[in-house]
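Visitor: I should like to study a single part of this molecule closely instead of surveying all of it. Could you please choose one and explain how the residues there are arranged?

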Amino acid sequence: MTSSGTTGKRTAPHDRQARAVRLGPRSVAALLLVSAVGVAGFGWPFLAPPDASLNAHAQDAPWLFAGLLVLLVAVVAATISESGLGPKAVAMLGVLAAAGAALRPIGAGTAGLEPMFFLMVLSGRVLGPGFGFVLGSVTMFASALLTGGVGPWMPFQMLAMGWFTMGAGLLPAPDRLRGRAELLMLAAYGFLAAFAYGTVMNLAGWTFMNALASNIAFDADASVASNLARFLAYCLATSLGWDGGRAAMTVVLTLALGAPVLRALRRATRRAAFEAPVAFEHEHDDGPARRT
């Protein structure tokens, strides 16, 4: 089986960087849409002034955004799949999502030691931003079902993990950078992105707190500056240690296991030949079909 449209010199298999999903214009537009709504869903306490009508429904807003994000993530997945998520890519998606979902409970509840994050970084790097977004979202959905973590926070987790994995696919030089330099770049990204993931998820959970119960909870009547100070105090008090554990484990696993995992992912991607369409032709009008 050969890919159509190839002429001249062939690229050696070990030099070719196959991508399961390439982002077309509609996929980019869908990702921008869901990201814009996601930014609004996470950051509305700082985007809406105290006298905004949204603050009058502070207890309902997270539920509204959660429902909306579920629909939009589904739209993005459908749009990206329309642009090239074939059966082989779906199989790869299922395997990686299952592996990530199985890894998450191993360290859950123990200082944020969640090994799934390093797998998401490496998968996004090899398979690209479009596949990465879908993989991150599906993995978090599957892990929520596996661990019983289904709730209004789940859509926010799906979007945040989609961003986390997509970011790894957007890192520079995916076809050229290899070896120790690539591992150091991925480890640095995983370290920073682990803290970023924790921070945006704090935004989603922070608004569910009752302002009367704590002086670091979101207060719909307070100014943006006051709520920002409350949020920073909330992050320091509740998640800094957890995010640090997640970041440290991501770095350690990336440096220790990154090289063989990257090779395995790249080998599987090349052998699956996601980008090679199958064509059928007839040698003779009455002869059997020949697959090329």
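**Buried charges and a pocket beside them**

Guide: Let us start with Asp 243 and Arg 246, which are 3 residues apart in helix α8 and therefore separated by about one helical turn. Their side chains meet in a salt bridge, with 2.8 Å from N to O. That distance qualifies because the rule asks for a side-chain nitrogen of Lys or Arg within 4 Å of a carboxyl oxygen of Asp or Glu. Both partners are enclosed by the protein: Asp 243 has a relative accessible area of 5% and is buried, and Arg 246, at 4%, counts as buried too. The pair does not stand alone, for salt bridges with shared partners join Glu 114, Asp 243 and Arg 246 into one network. Please bear in mind that this is a predicted model.

Arg 246 also leads us to an open space. The second largest pocket holds about 440 Å³. Among the 21 residues lining this pocket, those closest to its centre are Gln 157, Met 201, Asn 202, Trp 242 and Arg 246. Several helices contribute to the wall: α4 (116-147), α6 (179-206), α7 (224-238) and α8 (240-272) each supply at least two lining residues. Helix α6 gives the largest share of the lining, namely 6 residues. In chemical character the lining is mixed, with 10 nonpolar, 7 polar and 4 charged residues.

Three of these helices, α4, α6 and α8, also take part in further salt bridges. Arg 125 forms a salt bridge with Glu 182, and their closest N and O atoms lie 2.8 Å apart. This contact links distant parts of the chain, since Arg 125 belongs to helix α4 and Glu 182 to helix α6, 57 residues apart. Glu 182 forms a salt bridge with Arg 266 as well, where the closest N and O atoms are 2.6 Å apart. Here Glu 182 lies in helix α6 and Arg 266 in helix α8, so the pair ties together parts that are 84 residues apart in sequence.

How exposed are these three side chains? A residue is called buried when its relative accessible area is under 20%. Arg 125 is buried, with a value of 1%, and Glu 182 is likewise buried at 1%. Arg 266 is also buried, at 9%. By the rule used here, the total for the model is 4 salt bridges.

The wider setting can be described briefly. The protein has 8 helices and 2 strands, and from the N terminus the elements run α-α-α-α-α-α-α-α-β-β. Of its 292 residues, 47% are buried. Among contacts with a separation of 6 or more, 78% are between residues 24 or more positions apart.

Finally, consider the confidence of the prediction. The average pLDDT is 75, and 67% of the residues score at least 70. Helix α6, the home of Glu 182, has the highest mean pLDDT among the elements, 91, whereas strand β1 (residues 280-282) has the lowest, 47. Residues 1-18 have a pLDDT below 50, although this stretch has 23 contacts beyond near neighbours in sequence. Residues 53-58 also fall below 50, with 12 such contacts in the model.

Methods. Residues numbered from 1 in each chain as written. Predicted model: local features only at pLDDT ≥ 70, side-chain atom pairs only at ≥ 80, totals over all residues. Heavy atoms only, no water. 1 Å grid on protein atoms, 1.4 Å probe; cavity = no way out; pocket = protein on both sides within 12 Å on 5 of 7 lines; lining within 4 Å. Points joined across faces, edges and corners; volume = space filled by probe spheres on them. Helix = DSSP H or I, 4+ residues; strand = E, 2+ residues; numbered from the N terminus. Nonpolar A, V, L, I, M, F, W, Y, C, P; charged D, E, K, R; others polar. pLDDT = per-residue confidence, 0-100. Contact = heavy atoms within 4.5 Å. Buried < 20%, exposed > 50% of the residue type's maximum accessible area, 1.4 Å probe, protein only.
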